[in-house]
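Please look over the model shown here before reading on. The notes below take the form of questions and answers.

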Amino acid sequence: MAIFSKALIASIFLSLLFLHSVESNAVGLIPPSPQKMDCGGACAGRCKLSSRPRLCNRACGTCCQRCNCVPPGTSGNHHLCPCYAAMTTHGGRLKCP
């Protein structure tokens, strides 16, 4: 009986040790969730010189929500946010200002 109880305790200990190592490895593999950016502020800065600021803000807001990225400046710099630059309208034109 003593051998059985020692074997049982040893197997429980090894199981717990294994589970602990699996959990610690899994924590390192899960990437942290990306922080959501302030789309309103970023698009206001992007569209401040636009001739149609309301249209620009609406399009920029949609692109920002989908991509979580807005290129810096009032125009250009699309290479800094590839998702933003790749979005097109149904007509095939660039969607994001």
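The questions below cover confidence, helices, core and disulfides.

This is a predicted model, in which local features need pLDDT of at least 70, side-chain atom pairs count only at pLDDT 80 or more, and totals for chains, interfaces and linings use all residues. Residues are numbered from 1 along each chain as its sequence is written, and side-chain values use heavy atoms, with hydrogens and water left out.

Q: Which element of the protein chain has the lowest mean pLDDT?
A: pLDDT is the predictor's confidence in each residue, from 0 to 100. The protein chain averages 80, and 67% of the residues score at least 70. Helices are DSSP runs (H or I, at least four residues), numbered from the N terminus. Among the elements, α2 has the highest mean pLDDT, 95, and the lowest, 59, belongs to helix α1 (residues 2-29).

Q: Over which residues is the pLDDT below 50, with zero contacts beyond near neighbours in sequence?
A: Where pLDDT is low, the predicted coordinates should not be read in detail. A contact means heavy atoms within 4.5 Å. The stretch that has zero contacts beyond near neighbours in sequence, with pLDDT below 50, is residues 24-28.

Q: How far apart are the end C-alpha atoms of helix α3?
A: The expected span of a helix is 1.5 Å times one less than its number of residues. The 15 residues of α3 (residues 53-67) should therefore span 21 Å. The model agrees with this, as the end C-alpha atoms are 20 Å apart.

Q: Within what arc do the buried residues of α2 fall?
A: Buried means under 20% relative accessible area, exposed over 50%, and partly exposed in between (1.4 Å probe, protein chains only). In α2, the buried residues are Cys39, Cys43, Arg46 and Cys47. The arc is taken from the directions from the helix axis to the C-beta atoms. Seen down the axis of α2, these residues line one face of the helix, because they fall within an arc of 85 degrees.

Q: Which element gives the largest share of the largest nonpolar core?
A: A nonpolar core is a set of buried Ala, Val, Leu, Ile, Met, Phe, Trp, Tyr and Cys residues joined through side-chain atoms within 4.5 Å. Of the 14 residues in the largest one, Cys60, Val70 and Tyr84 touch the most other members. Two or more residues come from each of α2 and α3. The largest share, five residues, comes from α3.

Q: What is the handedness of the disulfide of Cys47 and Cys56?
A: A disulfide is a pair of cysteine sulfur atoms within 2.5 Å, and the structure holds six of them. In this pair the sulfur atoms are 2.0 Å apart, and both Cys47 and Cys56 are buried. The torsion about their S-S bond is about -75 degrees, so the disulfide is left-handed.

Q: Is Cys83, in its disulfide with Cys67, buried or partly exposed?
A: The S to S distance of this link is 2.1 Å. Cys67 in helix α3 and Cys83 in helix α4 are 16 residues apart. Cys67 counts as buried at 14% relative accessibility. Cys83 has 37% relative accessibility, so Cys83 counts as partly exposed.

Q: How many residues apart in sequence are the parts tied together by Cys69 and Cys81?
A: The sulfur atoms of Cys69 and Cys81 are 2.3 Å apart and form a disulfide. Both cysteines are buried. Each lies in the loop between α3 and α4, so the pair ties together parts whose separation in sequence is 12 residues.
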